[in-house]
Amino acid sequence: MTNHNIQSLKPGWNRNEIASKIANDLPHGSYVNLGIGMPELISQYVDKGKEIIYHSENGLLGMGPPAKEYEIDYELINAGKKPVTILPGGSFCHHADSFSMIRGGHIDYCVLGAMEVSEKGDLANWTTGAGIPAVGGAMDLVAGAKNVFVMTQHLTKENLPKLVKTCSLPLTGKSVVTRIYTNYAIFDVCDNGLKLIKMNTQINFEFLEKHTDAKIIK
Amino acid sequence: MEVNKLINSINDAVAEVFDGATIMIGGFGEAGSPVELIHALIDHGSKNLTVIANNAGNGRIGLGALIGQRQVKKVICSFARSPKSITFKEQYENNEIELEVVPQGTLAERIRSAGAGIPGFYTATAVGTPLASEKESKFFDGKEYILETALSADFAFIKAENSDRYGNLSYSKTARNFNPIMSMAAKQTIVQVKNIVGESLTDPEKVITPGIFVDKIVEVNNPIIETNAIDNGEVYP
């Protein structure tokens, strides 16, 4: 791709705007697991009028904000191994219990990043096939959480579509994604394709289709 | 005569580890990782070990050091990639160490199952992915699951906060992680603990791992804090 092509593409919503849209869609009282990276932005946009309970798969339910300098305790960390805090009403458990919350269908929502998502809701986000393969809890989360949200840029760094007909990378889960939030649009994964829920006003449908390999339903 | 699982010397605690043993090592990253027991194992010198852990070590202390000393032939873990990993990365890239990648929840459940006498179980995790290839699958109520088998070990290295002479354990915050389930899944469970309390843990309601799962306890009052040690450039031995 040339620089000219990159400049011609619209930026759409920024990361914080996407995070805010997801935050608005998380219902009061829900149990939520936020993936490492972009999804970590979501919690700061949750309306003060509702309470969300955050799960971290290393055995922490009721996770609070990142630890301030004076709060740092390397025995109180999140799944990204960063020092965090625990809120009143929080609890600790061992790994089998923590993953029973996931695998047993008790987590209402998980939000993860993506390398590719197919029109059938297949997700690839754990390995490109090169380097050290490392999966962590991603396969458990997509198989077990009641709703699996993907938060991602619409295009790769090379400006190729991440929303594809069929994933080319190794899968994290098959037919697991329920909703996709990108900088261009929000989609629900349906039986016959990706149903467009909302589109950024900087772009039109023709632009969206051009930059999406997956089938979009208007 | 009283039951007493306390051992004075950390070197004695790991003395029965043999070449070719399979060892579970507790911890999620540095939280709950029994660094001093691992260092005692480096001194002990056992080779051709298979390590079951969530990660594959950071820097050149703890599990990172054990791998660096070329005592480990295989790692079974969920996440071997870390910005601070040196030794595993080097040996993996040179095809000098084996890796079995297991999804984190499946890893935990395989360990728990071994401790509970369950030889295998079906799970939806990893269905349709490369990690399900060659695994038996079965449909329940129209949904596909794969068969995973129990994962046991010869030894478990555990880090806990408090213990009494019976081996009843309590933990600190998210340093609990894999420690309670690994303590159930090994033939011999060796624990390093920050505080040994008197006759018994003061409140039976606070016992997380009952003493039946523990064989040996050694006191390590001021364990290494991995982040600080790596930032200070510490290496072992």
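## Before we start

Two residues are in contact if their C-beta atoms, placed from the backbone, lie within 7 Å. With that in hand, we can look at how chains A and B meet. Please keep in mind that this is a predicted model.

## How confident is the predictor?

For the complex, the predictor gives an ipTM of 0.97 and a pTM of 0.96. Chain B has a mean pLDDT of 97, and 100% of its residues reach 70 or more.

## Where the chains touch

Chain B brings 37 residues to the contact and chain A brings 31 residues. On the side of chain B that touches chain A, the elements giving two or more residues are helix 4 (87-93), helix 5 (104-116) and helix 6 (179-184) of chain B. Helix 5 of chain B supplies the largest share of that side, with five residues.

What kinds of residues make up the side of chain B that touches chain A? By class, 18 are nonpolar, 12 are polar and seven are charged.

## Two helices across the interface

Let's look at helix 5 of chain B and its partner from the other chain. From helix 3 of chain A, the residues A:His95, A:Ala96, A:Phe99, A:Ile102 and A:Arg103 meet B:Gln104, B:Gly105, B:Ala108, B:Glu109 and B:Arg112 in helix 5 of chain B. Sorted by class, this contact between the two helices has four nonpolar, three polar and three charged residues.

How are the helices arranged? The axes of helix 3 (residues 95-103) of chain A and helix 5 of chain B come within 9 Å and cross at roughly 125°. Helix 3 of chain A and helix 5 of chain B are therefore oblique to each other. The crossing in which helix 3 of chain A passes helix 5 of chain B is left-handed.

## A sheet beside helix 5

Helix 5 of chain B also has neighbours within its own chain: this helix lies across strand 5 and strand 7 of chain B, running at about 155° to strand 5 of chain B. These strands belong to an open sheet of three strands in chain B, in the order 5-7-6, with antiparallel pairing.

Which strands sit at the edges of the sheet? They are strand 5 (120-123) and strand 6 (137-140) of chain B, each of which pairs on one side only. From one strand to the next, the twist averages 40°.

Strand 5 of chain B pairs with strand 7 (residues 143-149) of chain B in the antiparallel sense, over four bridges. To find this pairing in the structure, look for B:Gly120, which stands opposite B:Thr149 in strand 7 of chain B.

How values were computed. Residues numbered from 1 in each chain as written. Chains lettered and ligands numbered in written order. Predicted model: local features only at pLDDT ≥ 70, side-chain atom pairs only at ≥ 80, totals over all residues. Nonpolar A, V, L, I, M, F, W, Y, C, P; charged D, E, K, R; others polar. pLDDT = per-residue confidence, 0-100. Axes fitted to C-alpha atoms, helices over the stretch in contact; angles between N-to-C directions. Parallel < 35°, antiparallel > 145°, perpendicular 65-115°, else oblique. Left-handed = near helix turned anticlockwise from the far one by under 90°. Pairing = 2+ DSSP bridges.
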